[in-house]
Amino acid sequence: MSLRADVRCVAADFVVEASIEAERGRPVALVGPNGAGKTTLVRVLAGLAPIERGTVALDGTVLDDDTTHVAPRDRSAGVVFEDRVLFDTMSAVENVAFGLRARGMRAGEARERARDLLRSMDLEHRANARPVELSGGEAQRVAIARAIAHEPALLLLDEPLSSLDVLAAFGGIAIVVTHDPVDALTLADDMVVLEHGRVTQTGPIDDIRSAPRSAYAAELVGINLFTGRLEPIGDGAARLQTDAGAIVVSCPAALDSALEDVTALLRPVDVVLYREQPSEASARNAIRGTIRSIADDGQRARIRIDASPPLIADVTSGSVSRLGLKEGGPVWASFKAVEVRLVLPS
Amino acid sequence: MRDLPGAVKVLAALAVVAVALPLVALAARAPWSDIGRLGASGPRTALFVSIEVSLAAAALSLVFGVPTALVLARSRFPGRSIVRSLALLPLVLPPVVAGVGLLAAFGRRGVLGRGLAAIGIRLPFTTAGAILASAFVATPLLILTVEAGVRALDRRKEDAAETLGASRWYVLRRVTLPALAPQIVAGLVVAWARALGEFGATITFAGNIRGRTQTLPLAVFEAMQTDPGAAILMSLMLVALSLVALVALRGRFLAR
């Protein structure tokens, strides 16, 4: 199963010209700055927006080309909209059952299936709640359940909140629109970078990490990523031992013995730099290193630090001169254990 | 908020008094000892005709007004603004003109009336005619209310329904109409209240036939010439019915 789209379409005031491919079981992250055309592209794939030219094909079946337009209801697609767009006149379980009912399933059976799906998402107790009564995270999960209840071949997620563990259970083709590098890195295998309506880079995320082709991509994937062995050290903390040094992180509740192949992510903005060894006790990690490079755009500076492990830090341009940071000079980097996000092997 | 100029407040107070005064006067002048006369056959018959005509007219305005509102708010076609003006015309048309127009269309020699008569349907001077006249003037109110609701709808709700496999009809039935329920109810109440008070179009097109087309407003008008006390009592009955409409719209017009 695969999705292949190569389209040109005209949105309100700009043109989106993009191609995107996705395979079953290999989620694609669609990333890009605001106004890049991500939502437009999702609407095109869902059949909600027309294309000017090009093709969209799912499993070899043409959904859109010069002469064809398959209506949204006849595509096997599920969409999770940016702000969820639940039906507020229906309960959560009725929302989830909607796609089954619309396809002609009997009410009782549809409700049963919807309830099972909600149960698998730990939401059965909210089945009769109205959307206005749901928390943001609950509404998010109901929206996802609604989109996958009819088992679509293609799942389109527009800016979901983090917490997409359900994606692992979805066996079809998934495209996830996101701003969040952590989401992109943890959810997807491949990435499509869309800027000003054009694809600026596409490929496996690891390739894009090693050679980002635009400033936006560099910014997005320039995140600290550590892999190694995680062992609890008490006090709710754990040590992640990588090949190039160790860091201290929050200990997951379930962890009682060491675990291999754990990935950890840390945003560069969460790394604080000092000239002297920091004395404050709140940050569990204080690592000494040497500045390898400083990329300063006049407002923000990205500092790459040779240390164990190597780190990337984002600081204001003012801090660079205030701290007297120089390439080749010494620096202390510090970050709190709770800022590190862990991805445990499944 | 900045305080309003005194003159504005005075004018507003005058307006409220001007509205309240006739109602208070009605209650003050009413021959309350004669209240039992409302149970007499004349007023009672007029009340029943009024209820039948106003409810049927409201139902008609629902059946034709909701689709019209949807088309006006959603469809793009040449001449749309002309069609919209036509649909809303009865709002500004003098009711008596509406009555004369209905006669010209559905009267015995009317454009359509002749054909209808041939198949045995007669509208002028019948209860059905009174219903048609009331619906004619009431429907635009429902259209306006519902149209505003359609324009305020989040279309992505319908998009979502469509991606979930819903046919157009299913989207309308399960998503669009339920989301419009508050506006439809409000429009229905306003249209019903307008139909309840209808006078000009009804008397012109349907006449003033006791038991068939004589609604409460027509009965009040007739009684004013012979029995003002009865007219006042029946007016108070209409006030009571109108209060029902206000209560039904509570939260929409009141307590804002």
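This is a short talk on a predicted model with two chains, A and B.

I'll start with chain B. Its secondary structure comes to 11 helices and zero strands. Along the sequence that gives the pattern α-α-α-α-α-α-α-α-α-α-α. Taken along the principal axes, the C-alpha atoms of chain B fill a box of roughly 65 × 65 × 30 Å.

One helix in chain B deserves a moment. Helix 2 of chain B covers residues 41-74, which is 34 residues. How far apart should the ends of those 34 residues be, at 1.5 Å a residue? The expected span is 50 Å, and the end C-alpha atoms are 49 Å apart, so the two values agree. That helix is nevertheless bent: there is a bend of about 30° at B:Gly65. A proline, B:Pro67, follows within four residues of that glycine.

Next, the domains of chain B. The chain is divided into domain 1, residues 1-30, and domain 2, residues 35-248. Helix 2 has residues 41-74, which puts the bend I just described in domain 2. The centres of the two domains of chain B, taken over C-alpha atoms, are separated by 30 Å. Where they touch, five residues of domain 1 are in contact with five residues of domain 2. On the domain 1 side, four of the residues are nonpolar, none is polar and one is charged.

Now chain A, again beginning with domains. Domain 1 of chain A runs over 2-221, and domain 2 is made of two segments, 224-273 and 280-343. The C-alpha centres of these two domains lie 33 Å apart.

In domain 1 of chain A, I'll pick out one hairpin and one loop. The hairpin is formed by strand 4 and strand 5 of chain A, with two residues between them. Strand 4 is residues 53-58 and strand 5 is residues 61-64; they run antiparallel and are joined by three bridges. Within the pair, A:Ala57 stands opposite A:Val62. In the turn, A:Asp59 has a positive phi of about 55°. The loop is the one between helix 4 (136-148) and strand 7 (154-158) of chain A, and A:Glu151 is found there. A:Glu151 also has a positive phi, near 50°, and is not a glycine. As background, most residues other than glycine have a negative phi.

On to the sheets of chain A. One is an open sheet of five strands in the order 13-12-11-14-20, with antiparallel pairing. Which strands stand at the edges of this sheet? Strand 13 and strand 20 (341-343) do; each has a single partner strand, so one side of each is left without a neighbour in the sheet. From one strand to the next, the twist averages 40°.

Strand 13 at that edge is part of a hairpin with strand 12, and two residues lie between the two strands. Strand 12 is residues 237-242, strand 13 is residues 245-250, and six bridges join them in the antiparallel sense. A:Leu240 has A:Ile247 as its bridge partner, and A:Thr242 is partnered with A:Gly245.

There is another open sheet of five strands in chain A, with the order 15-19-16-17-18 and antiparallel pairing. Its edges are strand 15 (272-274) and strand 18 (311-316); each has a single partner strand, so one side of each has no neighbour in the sheet. Here the twist averages 45° from one strand to the next.

Strand 15 pairs with strand 19, residues 330-335, in the antiparallel sense over three bridges. One of the bridge pairs is A:Val272 with A:Ser334. Toward the other edge, the loop between strand 17 (300-306) and strand 18 holds A:Pro309. A:Ser308 and A:Pro309 are joined by a cis peptide bond, with omega about -5°. In general, most peptide bonds are trans.

Last, the contact between the chains. How many residues does each chain bring to it? Chain A contributes 16 residues and chain B contributes 16 residues. On the chain A side, strand 6 (77-80) and helix 2 (92-102) each supply at least two residues. By class, the chain A side divides into 10 nonpolar, four polar and two charged residues.

That is the end of the talk.

Technical notes
Residues numbered from 1 in each chain as written. Chains lettered and ligands numbered in written order. Predicted model: local features only at pLDDT ≥ 70, side-chain atom pairs only at ≥ 80, totals over all residues. Contact = placed C-beta atoms within 7 Å. Nonpolar A, V, L, I, M, F, W, Y, C, P; charged D, E, K, R; others polar. Expected span 1.5 Å × (residues − 1). Bend = angle between axes of the 7 residues up to and from the residue. Domains from an automatic or database assignment. Pairing = 2+ DSSP bridges. Axes fitted to C-alpha atoms, helices over the stretch in contact; angles between N-to-C directions.
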